[in-house]
Amino acid sequence: MPLAQGVAGSNPILNLAIFGLFVVVTLAIVIRVSKRASSGASDFYTAGGGFSGPQNGVAISGDYLSAASFLGIAGAIAINGYDGFLYSVGFLVAWLVALLLVAELLRNTGKYTMGDVLAFRMRQRPVRAAAATSTLAVSFFYLLAQMAGAGGLVALLLNITSKTGQGVVIAIVGAVMIAYVLIGGMRGTTWVQIIKAVLLIAGAGIMTVWVLAKFGFNLSSVMGAAVDRAGQGGEKLLSPGAQYGKNGTTRLDFISLGLALVLGTAGLPHILMRFYTVPTAKEARRSVVWAISLIGLFYLFTLTLGYGAGALVGPDAIKKAPGGANSAAPLLAYELGGTILLGIIAAVAFATILAVVAGLTITASASFAHDIYINVIKHGKVQDEQHTEVKIARRTAIVIGIVAILGGILANGQNIAFLVALAFAVAASANLPTILYSLFWKRFNTMGALCSIYGGLGITLILIIFSPVVSGKPVDPATGRSTSMIQGVDFHWFPLDNPGLVSIPLSFLLGYLGTVLSKERPNAKKVAEMEVKSLTGADAAKALVH
């Protein structure tokens, strides 16, 4: 039978059984580790800083490698070759920004959230409210994309074609994610991410070796076969320009996307929060080095998987399959190992979604409880603050989970690529400029922070709404549909798919102008305290006294 039909006709019961086994095992682990946890905010948010650098590095890779990394990049390489692999390069290079500029200083200065760092030497309430707003915006769009992606995976891997059935599975994924967060907090979530990272990298590694074995362990042969399978014009897979470089706009699109990916990673709240789960800045550095190593290894695997899918499945079959480009890795698994390997890959894909949404949920709930409720609404004056904060965070996690489920059901079947791009663009535009200014510019003040965060967030949202990813893209002859989110209308005036090229520089400019035009002068003592603390990790107040 044709391969696309083979995936649709695979054994959904086996796929669900393997996925169910993963859920049962991980829930048992979460329940077990939760018994060793205290009831305080530190343990719920950061596992008491009790993970080693290597453990946290594996967890970071599990948090970072989303379903888009596994399914999307392999498909992009299978269809667009060289240009598809640029996503892998961008995602990997982004970690150098996090390692060199953010990880150690953030770990030394903060406590639980990004708001701790940004509000350290500024007016607490407005800056924390802004930081929480940005965190919730990034987390929501990322959550929405992951939950909607779960619906697409259901259609592809479990042969559930009705919207109702897909909605039920999205709800189940959300319910399991809420259980992870409520039962285990950051400690349990971290172990889920570690297990998921091991499974994902091992699964991708096995498939990579399997593909190479079919071609005499010669990557050049794999790439040559992909070119031959693509037919006329297949040589474009080996050089730049298949997706980007067709004209001036697509070149700018590539630059804009690259900026958002490379700079956005260091501003993703759920990644930044992972730096607090280690006891020292040295362990934070080690965790990033481990994360870079594992993520780099995985992205090397995607190169072989993408060209392997192009060679063994073919770009035409991939485009016509349910899920389009996202079906490349599952189709390749079916081609290599039949129903069994497809079932394993299906379980790994669902595990990927579960781990990422759990990390996003705990980050968003921590930001609301710690920054907004405790420090903005209650002015930091709460009886039994630790217990109250955790209680609010748990309730917030339930609300966020429900919102993510409903949003995922509503967005199911829509073009969700813009949601991921929006999350990275917001992180790069609103978060990163403010973090860098706070850490490295002594004059930076509250007005500068508010202009940078709210300005970056607002500009990004406006440019995305009026971009081609929302409306105005031409109809694809192969599918008969436009790839824009809203069909049949055209109200776009911004030409680029990703706003990073415009929104990131403007956010830096707004932060600068807000600072220099404000009459507010920074607190010299707090500036010195933050500098000492960020660079040494010591108790800055005592360091200044002595």
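**Exercise 1. Place the salt bridge of E531 and K442 in the chain and class both residues by exposure.**

Step 1. E531 pairs with K442 in a salt bridge, with the closest N and O atoms 3.7 Å apart. A salt bridge is a side-chain nitrogen of Lys or Arg within 4 Å of a carboxyl oxygen of Asp or Glu.

Step 2. E531 lies in helix 20 and K442 in the loop between helix 17 (417-440) and helix 18 (446-465), so the pair ties together parts that are 89 residues apart in sequence. Helices (H or I, at least four residues) and strands (E, at least two) are DSSP runs, numbered from the N terminus.

Step 3. E531 is partly exposed at 37% relative accessibility. K442 is exposed at 51%. Buried means under 20% relative accessible area, exposed over 50%, partly exposed in between (1.4 Å probe, protein chains only).

A note on the model: it is predicted, local features need pLDDT of at least 70, side-chain atom pairs count only at pLDDT 80 or more, and totals for chains, interfaces and linings use all residues. Residues are numbered from 1 along each chain as its sequence is written, and side-chain values use heavy atoms, with hydrogens and water left out.

**Exercise 2. Find which residues are linked with R128 in a network of salt bridges.**

Step 1. The structure holds six salt bridges.

Step 2. R128 and D371 meet in one of them, at 2.6 Å, N to O. R128 sits in helix 8 and D371 in helix 15 (residues 328-377), 243 residues apart.

Step 3. R128 is buried at 7% relative accessibility. D371 is buried at 0%.

Step 4. The network links D116, R128 and D371.

**Exercise 3. Locate R123 and its salt-bridge partner E520.**

Step 1. The closest N and O atoms of R123 and E520 are 3.4 Å apart.

Step 2. R123 is in the loop between helix 7 (114-118) and helix 8 (124-157), while E520 is in the loop between helix 19 (500-517) and helix 20 (524-536). The two residues are 397 residues apart.

Step 3. R123 is partly exposed, with a relative accessible area of 45%. E520 is partly exposed too, at 23%.

**Exercise 4. Determine the geometry of the Y64 and W95 ring pair, and name the cluster that holds these rings.**

Step 1. The whole structure has 15 aromatic pairs. Rings of Phe, Tyr and Trp (its six-membered ring) pair if their centres lie within 6.5 Å; planes under 30 degrees apart count as stacked, over 60 as edge-to-face and the rest as tilted.

Step 2. The ring centres of Y64 and W95 are 5.1 Å apart and the planes stand at 75°, so the pair is edge-to-face.

Step 3. Y64 is in helix 4 (residues 53-64) and W95 in helix 6 (residues 82-109), 31 residues apart. Both are buried.

Step 4. Ring pairs join Y64, F91, W95, Y142, F298, Y299 and F424 into a cluster.

**Exercise 5. State which ring the charged end of K526 sits over.**

Step 1. Apply the test: NZ of Lys or CZ of Arg is within 6 Å of the ring centre and within 35 degrees of the ring normal.

Step 2. The charged end of K526 sits over the ring of F120, 5.0 Å from its centre.
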